[in-house]
Number of protein chains: 2
Amino acid sequence: MDLSERKLKILQAIISDYVRTAEPVGSRTLSKHPELGFSPATIRNEMADLEEMGYLTHPHTSAGRVPSDKAYRLYVNALMEKKELSKEEKIVIAERLRGTTNEFEKTIEHAASILSEITNLTSFALTPKKTEDVLKYINLLPVDEDTVVLMIVSESGKVSNKAIQMNVPYTEENLQLLSKTMTYNYKGKTISQALTNNIIANFETDIVAMSGLAEDVMPNFMRTLEDMLNVNLYMEGLTNIFDIPEYSDLEKARNFIQMLSQKEELTRKLIERDDGIIVTIGEENTDDIMQDCSLITASYHVDGRLVGKIGVIGPTRMKYGEVTSIIEFLTDNLNNTFKLESGGNEDDD
Amino acid sequence: MDLSERKLKILQAIISDYVRTAEPVGSRTLSKHPELGFSPATIRNEMADLEEMGYLTHPHTSAGRVPSDKAYRLYVNALMEKKELSKEEKIVIAERLRGTTNEFEKTIEHAASILSEITNLTSFALTPKKTEDVLKYINLLPVDEDTVVLMIVSESGKVSNKAIQMNVPYTEENLQLLSKTMTYNYKGKTISQALTNNIIANFETDIVAMSGLAEDVMPNFMRTLEDMLNVNLYMEGLTNIFDIPEYSDLEKARNFIQMLSQKEELTRKLIERDDGIIVTIGEENTDDIMQDCSLITASYHVDGRLVGKIGVIGPTRMKYGEVTSIIEFLTDNLNNTFKLESGGNEDDD
DNA sequence: GTTAGCACTCATCTTGCCGGAGTGCTAATC
DNA sequence: GATTAGCACTCCGGCAAGATGAGTGCTAAC
């Protein structure tokens, strides 16, 4: 059941009108489109067909047509033209992104805020999950009698640490030995590899004198590794939702904001999305609560290895072409930023 | 112009009714109050007086009376009874607070979430500003040829660090020397003292060999100290606002949420509030945007020295007595938690 | 000083009406 | 056979009129 050229044109016109105005589109309005030289009646017939095929719906008998999720899907897959950003726009975005401090987290946060400003949608950005980050250096430092600081440095320049309360007395020598052993065992391993490889077992047999020390240190080491995997979620333009007619209903606005307030859950959902630019439209979202939203996410890369996410969430009625172009440009930009300038010059915390 | 006993009683009844129902209170309703054995007409006269004195307002002629901010202020200062929490409530709260992991930040976050749940308002919590935190130990650690990790440990157990890209080559010996000098100079100083006391000047004259090193390190040291002063703002129950009749207007809800989205600004405002339980009602807030909100904040202490904030924000029509009692109990609880268990057992980040 | 009574005000809810936008169907037209 | 004009029909949204009811202010009586 292929769509005729004409049906496609009509569908496209309906989508573009509806996206612009948020009003159901009628046959008369459409017949005035320059590319559509047909009378309203003809268009009505075509629209009736399109409705039967599931591409359009009808809020009520005497209203115009509204695109269905299926129509948006078709649009995104086939009809949509990616809007190439103008030179000026590109410059503005690039400038604003570069204008930030060169702190990693701040740059990400800023990218989200730019995105929400340009698209007038709610945007978010997720810092990379450091599963693939490689351990470089582990050290244990004496602070006072019963406190030792564990420090872990990774290739990406991230430094993590934890103050450990020691239950057994330690000597500086033992501490150094343990540091070296740990570095020897874990250096070059990714965090996720390290997490599945607890070397405490070896200690217990190998070096009896250190087993007590290791028992104090290793659980903390593991927990710190886990902490290193934590990602930050930045969100911007939450109140943009109030400008969107679809959410002029208080109950809907509430649900939307409530959904976005559940940061842990949201983070989980965003992380598990595939890489690249992914568009999910309305019902395609597995989540009940997101059934009338569309979500566009993209991944950016740090050092070509760590993967973060950035994207927008908004009503199914959104400018898919424009938004994807912007996100694409933005992630390209981030990829470059984090390729060239990356190194140890980033911040912990 | 003192208020008669009777006027006070009437005012109190109006406030308690209005807080409960969110509806303007009429004379007939009031005359049915058990403590108010007067006819509606008498009460009307008194209400007219109270209105003249600025304690009541009138949405329109044929509506009941609504308390003004001035009335709430009087209520909070003199009329309100602090509601002593019941044993069960106390136990529930204490249990839930204790049930969290013993990570500092998580506990604070959890406290905010408990607070918003119990009060049905929007709550927030601010981690302590560490201005008064005392430096304990500073170390510089070689990582690779041009990377050094700066580590700062404070009395409160906070460990901060920063990977530094070195522009000049270093020797391990120099590094140690600099570490020691810095520790010697800064140990026992508070962060705010340290920030106003850049010792780089001394280096340039004293130890020429190290001046290059210090020039690389010191700016990073200062920046890290500044970072250590950053506080985290947790917010919970943002969508509770939608349950409050005052905010059933979309525009108002939007403004409220927009205000709370500006985290930096909000943080600043909260920090600069006085310690102890502070209630600001409606117009008392210096901020335009908060003129129809009331804000209740309290401070909690860590180690008796560092001060954090916790509180709620909601409509001026709120249960001041109940809320302040809850906040008081919660901060007492936090104070105890952070007095006994504090030490080095907290997390960075 | 207190209260009953009464006229008056004003918001809100209900109802009915009308206009406009848009549809579906049929018959005429190209 | 595809296209179009015409027309009856549907439904939403806005508006006005009227009814309702809560509450007030004032006056006069208790």
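## A tour of two protein chains and two DNA strands

Start by selecting DNA strand C: of its atoms that lie within 4 Å of the protein, 73% belong to sugar or phosphate, and the rest belong to bases. Keep in mind throughout that this is a predicted model.

**DNA strand C and its surroundings**

Next, select the protein residues around DNA strand C, of which there are 20, the closest being A:Ser27, B:Arg6, B:Thr42, B:Thr61 and B:Ser62. Colour this selection by residue class, and the surface near DNA strand C divides into four nonpolar, twelve polar and four charged residues. Helix H3 (40-52) of chain A and helix H3 (40-52) of chain B each supply at least two residues of this surface, and H3(B) gives the most to it, with four residues.

Now go through individual contacts on DNA strand C, beginning with A:Ser27, where a polar side-chain atom lies 2.7 Å from a phosphate oxygen of the strand. At A:Ser62 it is a backbone N or O atom that approaches DNA strand C, lying 3.2 Å from a sugar or linking oxygen. Turn then to B:Ser62, where an N or O atom in the side chain is 2.9 Å from a base oxygen of DNA strand C.

**DNA strand D and its surroundings**

Move the selection to DNA strand D, which is surrounded by 20 residues, with A:Arg6, A:Thr42, A:Thr61, A:Ser62 and B:Ser27 the closest. Of the atoms of DNA strand D within 4 Å of the protein, 73% are sugar or phosphate atoms, with the rest in bases. The surface near DNA strand D comprises four nonpolar, twelve polar and four charged residues. Show H3 of chain A and H3 of chain B, each of which supplies at least two residues of this surface; the largest share, four residues, comes from H3(A).

Among the contacts to inspect here is that of A:Thr42, which has a polar side-chain atom 2.5 Å from a phosphate oxygen of DNA strand D. At A:Arg44, an N or O atom in the side chain is 3.2 Å from a base oxygen of DNA strand D. From the other chain, B:Arg65 places a polar side-chain atom 3.0 Å from a phosphate oxygen of DNA strand D.

**The two chains together**

Hide the DNA and superpose the chains: a turn of 180° with a shift of 0.0 Å along the axis lays chain A on chain B with an RMSD of 0.1 Å. The two copies are thus related as by a two-fold rotation axis.

Select the interface next, where 40 residues of chain A are in contact with 40 residues of chain B. Because 98% of the interface residues of chain A are also interface residues in chain B, the copies meet through the same surface. Between them the chains bury about 3300 Å², 52% of it on carbon and sulfur atoms. On chain A, highlight A:Phe242, A:Leu250 and A:Arg254, which lose the most area to chain B and together account for 18% of what that side buries.

For the polar part of the interface, display the four salt bridges found across it, including the one between A:Asp144 and B:Lys136, whose closest N and O atoms are 3.1 Å apart. Eight residue pairs are in polar contact across the interface of chain A and chain B. To finish, colour the side of chain A that touches chain B by element: strands E4 (135-144), E5 (147-154) and E6 (159-165) and helices H10 (211-229) and H11 (250-261) each supply at least two residues. The largest share of that side, seven residues, comes from E4(A), and by class the side has 15 nonpolar, eleven polar and 14 charged residues.

Technical notes
Residues numbered from 1 in each chain as written. Chains lettered and ligands numbered in written order. Predicted model: local features only at pLDDT ≥ 70, side-chain atom pairs only at ≥ 80, totals over all residues. Heavy atoms only, no water. Near = heavy atom within 4 Å. Polar contact = N/O pair within 3.5 Å; in protein donor to acceptor, adjacent residues only side chain to side chain. Nonpolar A, V, L, I, M, F, W, Y, C, P; charged D, E, K, R; others polar. Least-squares fit on C-alpha atoms with pLDDT ≥ 70 in both. Contact = heavy atoms within 4.5 Å. Buried area = accessible area lost by both parts, 1.4 Å probe. Salt bridge = Lys/Arg side-chain N within 4 Å of Asp/Glu carboxyl O.
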